[in-house]
Amino acid sequence: GGDLERAADNFQEAVSLDPSNGAGFYYLALLHFKKGEYDQAAIFLEKADSLLQGNIEWELPLEELKRDLSQ
């Protein structure tokens, strides 16, 4: 609904302002996944993955979303 759209806009703005914002890309991927837009989600997830690589805190959420996307 509207909340997902608003959240997506906010994260889109965040990554536009800071293209190294891995968390922003992760949440964009998650939102697109929830909306059923899997191709878009995969693109954002790849970007998040490259930016957050080696960050222990993000390993699990990234892996989980990758697994969900590959099903």
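## Helix H4, the nonpolar core and the salt bridges

In H4, the buried residues are Trp 58, Leu 62, Leu 65 and Leu 69. Seen down the helix axis, the buried residues of H4 fall within an arc of 70°, so they line one face of the helix. An α-helix has 3.6 residues a turn, so residues three or four places apart point the same way. The other side of H4 carries exposed residues, namely Ile 56, Leu 60 and Ser 70. Among the elements that cover the buried residues of H4 are H2 and H3. The model described here is predicted.

H4 consists of 15 residues, and the distance from its first C-alpha to its last is 22 Å, close to the 21 Å expected at 1.5 Å a residue.

**Overall form**

The secondary structure comprises four helices and zero strands. Read from the N terminus, the order of elements is α-α-α-α. The protein has a radius of gyration of 11 Å, which agrees with the value near 11 Å for a compact globule of 71 residues. Along the principal axes, the C-alpha atoms fill a box of roughly 35 × 30 × 20 Å. Buried residues account for 28% of the 71 residues. Of the contacts between residues at least 6 apart in sequence, 48% join residues at least 24 apart.

**The nonpolar core**

The largest nonpolar core has 15 residues, and those touching the most other members are Tyr 26, Leu 45, Ala 48, Leu 52, Leu 62 and Leu 65. Helices H2, H3 and H4 are the elements that give two or more residues to this core. In soluble globular proteins, nonpolar side chains tend to be buried together.

Which residues does Tyr 26 touch, not counting residues up to four places away in sequence? With that exclusion, the partners of Tyr 26 are Ala 48, Leu 52, Trp 58, Pro 61, Leu 62 and Leu 65. Trp 58, Leu 62 and Leu 65 are also among the buried residues of H4.

Leu 69, another buried residue of H4, has its own set of partners. Residues up to four places away in sequence left aside, Leu 69 touches Phe 33, Tyr 38, Ala 41, Ala 42 and Leu 45. Leu 45 is also one of the core residues that touch the most other members. The C-alpha atoms of Leu 69 and Lys 35 are separated by 12 Å, the two residues being 34 apart along the chain.

**Salt bridges**

Side chains of opposite charge can pair when their charged atoms come close. The whole structure contains five salt bridges. Three of them are listed here, with the distance between N and O atoms.

| Residue | Partner | N to O distance |
|---|---|---|
| Lys 35 | Glu 5 | 3.1 Å |
| Lys 35 | Glu 37 | 3.9 Å |
| Lys 66 | Glu 63 | 3.3 Å |

Lys 35 and Glu 5 form a salt bridge that links distant parts of the chain, 30 residues apart. Lys 35 lies in the loop between helix H2 (22-34) and helix H3 (38-52), whereas Glu 5 belongs to helix H1 (residues 2-17). Glu 5, Lys 35 and Glu 37 are linked in a network of salt bridges.

How accessible are the members of this network, buried or exposed? Lys 35 is partly exposed at 28% relative accessibility. Glu 5 is likewise partly exposed, with a relative accessible area of 38%, and Glu 37 is partly exposed with 33%.

The salt bridge between Glu 63 and Lys 66 lies within a single helix. The two residues are three apart in helix H4 (residues 56-70), and are therefore separated by about one helical turn. Glu 63 counts as partly exposed at 44% relative accessibility, and Lys 66 as partly exposed at 29%.

**Leu 4 in H1**

Leu 4 is a residue of helix H1. Its relative accessible area of 24% makes Leu 4 partly exposed, because only values under 20% count as buried. Residues up to four places away in sequence aside, Leu 4 touches Leu 31 and Lys 35. Lys 35 is also the residue that pairs with Glu 5 of H1 in a salt bridge. From Leu 4 to Leu 52, the C-alpha to C-alpha distance is 23 Å, and the two residues are 48 apart in sequence. Leu 52 is one of the core residues that touch the most other members.

Technical notes: Residues are numbered from 1 along each chain as its sequence is written. This is a predicted model: local features need pLDDT of at least 70, side-chain atom pairs count only at pLDDT 80 or more; totals for chains, interfaces and linings use all residues. Side-chain values use heavy atoms; hydrogens and water are left out. A salt bridge is a side-chain nitrogen of Lys or Arg within 4 Å of a carboxyl oxygen of Asp or Glu. Buried means under 20% relative accessible area, exposed over 50%, partly exposed in between (1.4 Å probe, protein chains only). A nonpolar core is a set of buried Ala, Val, Leu, Ile, Met, Phe, Trp, Tyr and Cys residues joined through side-chain atoms within 4.5 Å. Contact means heavy atoms within 4.5 Å. The expected span of a helix is 1.5 Å times one less than its number of residues. The arc is that of the directions from the helix axis to the C-beta atoms. The radius of gyration is taken over C-alpha atoms; the globule rule is 2.2 Å times the number of residues to the power 0.38.
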